[in-house]
Each structure stands twice: as structure tokens, then as C-alpha cells.
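The following exercises concern pockets and cysteines in a protein model. Please study the sequence and the structure before reading each solution.

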Amino acid sequence: MTALDLVIRARRMVSTTGLVPAAVGVKDGRIVSIDPYDAAREALDVVELAEDEVLFPGLVDSHVHVNDPGRTDWEGFTSATRAAAAGGVTTIVDMPLNSIPPTCDVPALELKRKTAQSQAFVDVGFWGGAIPGNAEQLRPLHEAGVFGFKCFLLHSGVDEFPPLDSGQLEQAMREISSFDGLLIVHAEDAHRIDSAPAPDGASYQPFLHSRPRDAENAAVAQVIDLARQTGCRVHILHVSSADVLPLLATARRDGVRITAETCPHYLTFSAEEIPDGATQYKCCPPIREAANRELLWQGLRDGLIDLVVSDHSPSTIDLKRLDTGDFGAAWGGIASLQVGLPAIWTGARERGFTLTDVARWMCQAPAAQVGLGQKGRLEVGYDADFCVFAPDESFVVDVAALHHKNAITPYAGRPLAGVVRSTWLRGRPIDIHADPRGRLLTRGDDA
């Protein structure tokens, strides 16, 4: 038998059923065997993990704003994918905004792919955008390989990516349903937010009240109603209001094809702890109260929330308005791509969850959502994408150690459990100081 390229021996490997000792064999970038830990296997390279290390699947983060081209002072493919690799993430799917142009037609997609080609340290896929007037561009984008289409139901924060009104939303859903595509929705209702109090000032509470739960609840109800009418597959982005969980449960019982995600910041922070002027915590929808946070964790336990992804949405430091601390004027977005795994593991283990649960939320489910059939699991036939994780080691987040382009995050100074020791892409460790070797992914192509 031809020697394997690599065998990794781990006393603890994350499988779909729990932690097991294993020897993982790799050939040509794929997992070709999983044997008992001490099995005799011939390989060109044998790596034995330390006793405190766990072999974890490479994370799949399907909600990342790279902002390249057009706003590369906010982030870029080099910095974003280095941060991803440092955080155990081996695959990202890039959002259609806040790049210029947004990915709303095939030429914009081609430009983004060309931009990313030589910069990607991890594998990269792309979402398309659904905006007013581009319904005829959706099928060509789908055929060009985007993983689905993002839309907003209120102002997105950038003028070049306008929201859909109810008629345009229905039109987009009918078009996307015609080729069995996927629509992913920033679900906040514009009318309810327009009638809410203004968010100006350094206190967090007025900002929280300016993005009320009922705006999120109403938007999710609208998406469910139209999905029921059109048959479109839909996904609710960054769930922050636990009030939507019963709506999701009912919709699924009724056969609506709907999934949902939340993000590390909604599961880590609470509105009560955010100091005045701390605009690094501003995101939309907002971080809500501690009691709501615990209900989101319960939503994960109950399977109503399917996946956890970063919504990495960085900006330059000046746009966060730290000089005034004005939540109304500050950019809304949280940079967290590199720290998502330890942030979630810190909260998960405190609540009795396991590493297998975390792998389901952050590896398996995001890969399944976008149809990446060779990602997100440590199983024979899958890409040999690994995160070597030390779950019992702790650290304090130092912004100087993050590879995000702009050194601002609400995680700064926060103690977290779990350290990513190394990240492997298709059977080789990622060296973020060497030439990048990530691939560009296309829907339906298992890379």
C-alpha cells in the first residue's frame, strides 16, 4: 500500500459522537483513514499531538465581511484570512458588502475572486447580494457559484447596498426559489426602527432601545410568511432576540425551509456590562440583556439555532468614534474572526456543553448550510482541515496579537478558555508568514 502523506495521532479527536483517540491518515489533502490511536500506519510524516491537545475540525465561518476591494483600510483578504487561520478557521464565506462594488452581479463577483486569488491563507467562498433592481442578476450569480444571496430589510449601513421592501423581497424569493437557491436575511424591520427612539449619546441603553426586539421579531415573521408562500429556502442571520425562537420552531413544524444562526458576541456579552462610550460593542442587531443571552444558549441546546458564526464586521478605529463614545454615530460591527472558537468554548463549557457541540455549531452546520460536502467533519473522504486546540489552556485577548487589520474589539482584555495551537489546510499546517495557498470555492464544488 502506498504510504500516507500524513498521520496525526490524537488522544482526543472530535467525532460526531464525542471525543475518541484516533490516528487520522491523510493522502492528497483528504482524510483517507481513521484508525485506533496506536494503529501502525506508514506515512511520510507522523505528528503526535500533546496530551492537552484536541484534534478539532477546521472551522467554517460563513459570515465574514472582508471588505475587499474598495474598503481595504477596514480589512482585506490577506489580514482576514490570516486572522481566520490563527483562530482555527479553514474556510470563510465572504459577504457581498462592504466591498466596493458589492457582489450583486457577475462582474463584481469576478473582481472579488480576482482580488482574493493571491491573498487567501484559507479557503474562501462568496455570497451574492439581493438588492433593488438586480433580480435578473440572481440566477447568473447562482450559476457563477455564489453560495446564496444576502439581503437587508433596512438600511445596511452603506448606500451601495440598499434594502429590499416587501414587494422586492417577495420578488427575490420567488426568483431564488425557481432555482432552489438560498436567501440569507438581515432581519430587522425598518418601520419599527424608524419609530424607535434615537440612539445618540454615550449610554448603551438608548442604542439598545433604538433597535428593539419587536423589529427583529416582525422581520423574521415576514420572512417566514413569504418563505411559506414562495417555497424559498431562507436563513436568518445573527439572531439576537430570543423571541424569534418560537417563530422558528413553528415555521419548521409547518415545513418552512428555514435555518438560523447566532454569533459569539450575542452569546458572550450582555447589555448590562457595556460601559458608557464603549462603542467597540456596537453591532446591529444589538447585544441584548443577560437573560436573553441565556435563552439563545437554550436555543442552541434545543436545535432552534443551527450554527454559530462570527459576523466579523470590522472598520477603521476612527469610525468607532471612541473620541466621543457616541453610539448613534459609531460604525456598527464587531471584529472577532480570530477569537470565535475560544469565546464560544468559554461560554459553552460553563453551561455543560461539549467540544462535540461546539464542532457541530461552528464546523458541521455552517458547512452543511452552504453545501460544502467535504468540510466541517473529521471523517473519511473529507478535506484534511484541522484545528489543533488546547481546550484547558486560557489566555487574555491582546489586540496586538490579533491579525485583524484594525486593533479594536470588545474582546480586548477578556480572559478566554482554549488556545488554537495550529491550523491545517488539506493536510498541511498553515504558515501565515509564507505564501498563501487557500483556494477559492464555488457552490457545488467540494474543492
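**Exercise 1: The largest pocket**

Determine which strand and helices each supply at least two residues of the lining of the largest pocket.

Solution. The model is a predicted one. Strand 10 (149–152) meets the condition, as do helix 5 (190–194) and helix 6 (204–210). Of these elements, helix 5 gives the largest share of the lining, three residues. The pocket has a volume of about 570 Å³. Its lining comprises 32 residues, and those closest to the centre are H155, S156, G157, R211 and C284. Sorted by class, the lining has 14 nonpolar, 13 polar and five charged residues.

**Exercise 2: The second largest pocket**

State which strand gives the most to the lining of the second largest pocket, and describe the classes of the lining residues.

Solution. The second largest pocket holds about 180 Å³ of space. Strand 16 (residues 415–425) gives the most to its lining, namely three residues. Among the lining residues are A86, Q338, F395, D398 and G418. By class, nine residues of this lining are nonpolar, two are polar and one is charged.

**Exercise 3: Cysteines and disulfides**

Explain why C387 forms no disulfide with the cysteine whose sulfur is closest.

Solution. A disulfide requires two cysteine sulfur atoms within 2.5 Å. The closest cysteine sulfur to that of C387 belongs to C363 and lies 7.8 Å away, so the two are too far apart for a bond. C387 is also buried, at 0% relative accessibility. The structure as a whole holds zero disulfides. C283 is likewise in no disulfide, as its nearest cysteine sulfur, that of C284, is 6.7 Å away. C283 is buried, with a relative accessible area of 3%.

Note on methods. Residues numbered from 1 in each chain as written. Predicted model: local features only at pLDDT ≥ 70, side-chain atom pairs only at ≥ 80, totals over all residues. Heavy atoms only, no water. 1 Å grid on protein atoms, 1.4 Å probe; cavity = no way out; pocket = protein on both sides within 12 Å on 5 of 7 lines; lining within 4 Å. Points joined across faces, edges and corners; volume = space filled by probe spheres on them. Helix = DSSP H or I, 4+ residues; strand = E, 2+ residues; numbered from the N terminus. Nonpolar A, V, L, I, M, F, W, Y, C, P; charged D, E, K, R; others polar. Buried < 20%, exposed > 50% of the residue type's maximum accessible area, 1.4 Å probe, protein only.
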